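Hi there,

Here is the structure I promised to pass on to you. Have a look at it first, and then read my notes below.

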Amino acid sequence: MRQSTILPLFSTPQHESPAVINTTIMPIIVSVLVIIGVNLASEFGTLAAAIATAPTGIPLSLWVVVQQNSFRKQAVLKEYTWNLIKGVSATLAFAIGSNVAARSGFGLWSVLAFGYVAWIIVWTLFQSIP
């Protein structure tokens, strides 16, 4: 397995840390707004799903990771975006597994279990790709 070049979560970077508002507060605010949007749109399944899956988390995470690794942006972007592809693919597998279970008549907990099993399988398969 390849060694990660992104700084560990609890490491102390050797440079000035970016402003807390850019790396912590803004992602939290956007996340809360997404949850509120899904709640308000919950009567309209398609709109709620669109809000829940809108590309908000990925751009926010890209921003945070680059800000925290600004001294080596290109390498971090290359590695992190590859990991995003793995994660998004696994999330798609979660959605497909959940849908298959729901169409088979399973209840919420079983649907979630099927989704997570699919997610784990795809994530594990992607780990073997360099």
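Let's start with one residue, Ile29, which counts as partly exposed because its relative accessibility is 41%, a value between the 20% limit for buried and the 50% limit for exposed. Please keep in mind that this is a predicted model. You will find Ile29 in helix α1, which covers residues 20–40.

Ile29 also belongs to a nonpolar surface patch of about 730 Å². Its partners there are Ile25, Met26, Ile28, Val32, Leu33, Ile36 and Leu40. Try selecting these residues in your viewer.

Now for the overall fold. Which elements does the protein chain have, and in what order? From the N terminus on, they run α-α-α-α-α, so there are five helices and zero strands. The chain has 130 residues, and 22% of them count as buried.

Next, the second largest pocket, which holds about 260 Å³ of space. Here is what I noted about its lining:

- The residues that line the pocket are Ala52, Thr53, Pro55, Ile58, Asn83, Leu84, Gly87, Val88 and Thr91.
- Two helices, α2 (45–53) and α4 (73–103), each supply at least two residues of this lining.
- Which helix gives the most to it? That is α4, with five residues.
- Sorted by class, the lining has five nonpolar and four polar residues, and no charged ones.

Helix α4 is also home to Thr81. Is Thr81 buried, partly exposed or exposed? Its relative accessible area is 32%, so Thr81 is partly exposed. The C-alpha atom of Thr81 lies 9.2 Å from that of Ile58, although the two residues are 23 apart along the chain. Ile58 is one of the residues you just met in the pocket lining.

Finally, go to helix α5, residues 108–127, and look for Ala113. Ala113 has a relative accessibility of 39%, and therefore counts as partly exposed. Between the C-alpha atoms of Ala113 and Phe94 there are 9.2 Å, with 19 residues separating the pair along the chain.

If you would like a place to begin, show the nonpolar patch that includes Ile29, and then turn to the pocket lined by residues such as Ala52 and Thr91. Enjoy exploring, and write back with any questions!

Best wishes

Methods: Residues numbered from 1 in each chain as written. Predicted model: local features only at pLDDT ≥ 70, side-chain atom pairs only at ≥ 80, totals over all residues. Heavy atoms only, no water. 1 Å grid on protein atoms, 1.4 Å probe; cavity = no way out; pocket = protein on both sides within 12 Å on 5 of 7 lines; lining within 4 Å. Points joined across faces, edges and corners; volume = space filled by probe spheres on them. Helix = DSSP H or I, 4+ residues; strand = E, 2+ residues; numbered from the N terminus. Nonpolar A, V, L, I, M, F, W, Y, C, P; charged D, E, K, R; others polar. Patch = residues over 30% accessible without salt bridge, like charges linked within 9 Å, V, L, I, M, F, W, Y side chains within 5 Å. Areas by Shrake-Rupley, 256 points an atom, 1.4 Å probe, with all protein chains shown as cover. Salt bridge = Lys/Arg side-chain N within 4 Å of Asp/Glu carboxyl O. Buried < 20%, exposed > 50% of the residue type's maximum accessible area, 1.4 Å probe, protein only.
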